[in-house]
Amino acid sequence: RMATLYIPVAVHFDGIGTEADRACLEAYAQTQIDVINEDYTATNADQASLWPAASAFYPGLTPGSMDVQFCIATKNHPAGADPEVAEGSPLVTIGANGSNFNPNFPETDATYAGYMNFIIKDIGPGLLGYSPLNGSIANGAAVVMNTNCYGTGSGCPGVAAPVSPYNLGRTVTHELGHFYNLNHTFIADGDASQCAQPDGDGIADTPKVSSSTYGNPANGSVDGCNAGEKSLTMNYMDYVNDASMYMFTPDQATVVEAYWASVAGDWAF
Ligand code: ARG
Ligand code: ZN
Ligand code: CA
C-alpha cells in the first residue's frame, strides 16, 4: 500500500462572511474537513452503527476506504504573496476576497492551482452543490456548495448554519466523489432502460438501479435492476439525506485512488 495521500484544501467563502469573523470561519471550514476525513477512510461512526444491519441485503459487500488525509492548506503559497491570506495562515478566503474564481462552470482560479478548492456561496434555492467530473487540480478547479449544506454546526456571523437534512457535511463527500470520477449509482435517473446496460455507473460492486432515492429509506426497501438485488441507497453517490448515506464501496475507492494517481504531479506541494 502506498503512503497516505495528504490533500491540501483551500476554502473560499465567496461573497459571504467578513474578515472580522475569520476565527469562526476557519473553525467552520474545519468541520467539513473532519467529515470527509472520516467518510473517505470509512471511520465515520454512523457506518459502524448502521452498516451491520444493512449489510444483510448486500452479500459479500464491505465499505470501501481510502488512504487519505485532508487538511486546510497552511503552507506559504507557491506563487508568492497571496493577495488575500497572510503567508503561513490557513488558506481560507472570505467575503469579497473569496470571489476571484471564474464564475462559469467549472469554477477555476489559477492562483489556487495545486489545491483542492471548496467554494461556499449562494447558488440559489433547490441546489445543494455541483462539481466537475474528473476535476482539474492543475487548473485550480473547485467543488461548489450552497451556503445551507457545507460542514456541520451552527455557522458564523454572515454565514448561515447548514440546514437539516443536509447538515452533516455529506454534500461535500458526494460532490468530491464526482471530482474524483465517481458517477451517481443511478447513472440516468428514472431511466428504466439503463437496467439493460451492462453496468450503469461503471462500478462493478454497486448494484444496478434505475433511479435515485431521497429521504431516509429503510434497509433493503428499494429494489435494484437485477432480481433479488437491492439498491445501495446508503452510498454517498445516491441522493438520500445526509443521515442515511454512510459508505463508498471498494470499487469506488479504486476509482478514486486511480484519480489521485492521475493527478499526482499537479499538487502545489
Ligand atoms: N444533488 C446533488 C448532486 O447530485 C447533491 C446531493 C447530495 N446529497 C446529500 N444528502 N447531501 O450533486
Ligand atoms: Zn451528484
Ligand atoms: Ca454498478
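G95 lies in strand 3, which spans residues 92–95. The model is a predicted one. In it, G95 is partly exposed, because 19 other C-beta atoms lie within 10 Å and a buried residue needs 20 or more. The rest of this briefing covers the contacts of G95, the chain as a whole, strand 4, the nonpolar core and R170.

**G95 and its surroundings**

- Setting aside residues up to four places away in sequence, G95 touches F13, G15, I16, G17, T18 and E19.
- One of these contacts, F13, has I120 as its bridge partner in strand 4.
- G95 and S212 are 117 residues apart along the chain, and their C-alpha atoms are separated by 35 Å.

**The chain as a whole**

- Four helices and six strands make up the secondary structure elements of the protein chain.
- Their order along the sequence is β-α-α-β-β-β-β-β-α-α.
- The protein chain has a radius of gyration of 19 Å, which agrees with the value near 18 Å for a compact globule of 269 residues.
- Taken along the principal axes, the box filled by the C-alpha atoms is roughly 60 × 35 × 35 Å.
- Of the 269 residues, 41% are buried.
- Among contacts between residues at least 6 apart in sequence, 68% join residues at least 24 apart.

**Strand 4 and its partners**

- Strand 4 covers residues 116–120, and five of its five residues are buried.
- M116, F118 and I120 point one way from strand 4, while N117 and I119 point the other way.
- Residues on both sides of strand 4 are buried: all five of those named belong to this class.
- Strand 1, residues 5–14, pairs with strand 4 in the parallel sense over five bridges.
- Strand 6, residues 142–145, also runs parallel to strand 4, and four bridges join the two.
- Within strand 6, V143 is the bridge partner of F118.

**The largest nonpolar core**

- In soluble globular proteins, nonpolar side chains tend to be buried together.
- The largest nonpolar core here has 53 residues, and those touching the most other members are V9, L25, F118, V143, M145 and V172.
- At least two residues of this core come from each of strand 1, helix 1 (22–40), strand 3, strand 4, strand 6, helix 3 (170–179) and helix 4 (250–262).
- Helix 1 gives the most to this core, with six residues.
- V172 is in contact with Q32, V35, I36, F118, V143, M145 and Y150, leaving aside neighbours within four places in sequence.
- Three of the contacts of V172, namely F118, V143 and M145, are also listed among the core residues that touch the most other members.

**R170**

- R170 is found in helix 3.
- Is R170 buried or exposed? R170 is buried, because 25 other C-beta atoms lie within 10 Å and 20 or more are enough for that class.
- Outside the neighbours within four places in sequence, R170 is in contact with Y236, D242 and M245.
- R170 and D238 are 68 residues apart in sequence, yet their C-alpha atoms are 11 Å apart in space.

Methods: Residues are numbered from 1 along each chain as its sequence is written. Chains are lettered from A and ligands numbered from 1 in the order in which they are written. This is a predicted model: local features need pLDDT of at least 70, side-chain atom pairs count only at pLDDT 80 or more; totals for chains, interfaces and linings use all residues. The radius of gyration is taken over C-alpha atoms; the globule rule is 2.2 Å times the number of residues to the power 0.38. A residue is buried if 20 or more other C-beta atoms lie within 10 Å of its own, exposed if 12 or fewer, and partly exposed in between; C-beta atoms are placed from the backbone. Two residues are in contact if their C-beta atoms, placed from the backbone, lie within 7 Å. Two strands pair if DSSP finds at least two bridges between them. A nonpolar core is a set of buried Ala, Val, Leu, Ile, Met, Phe, Trp, Tyr and Cys residues joined through C-beta atoms within 7 Å.
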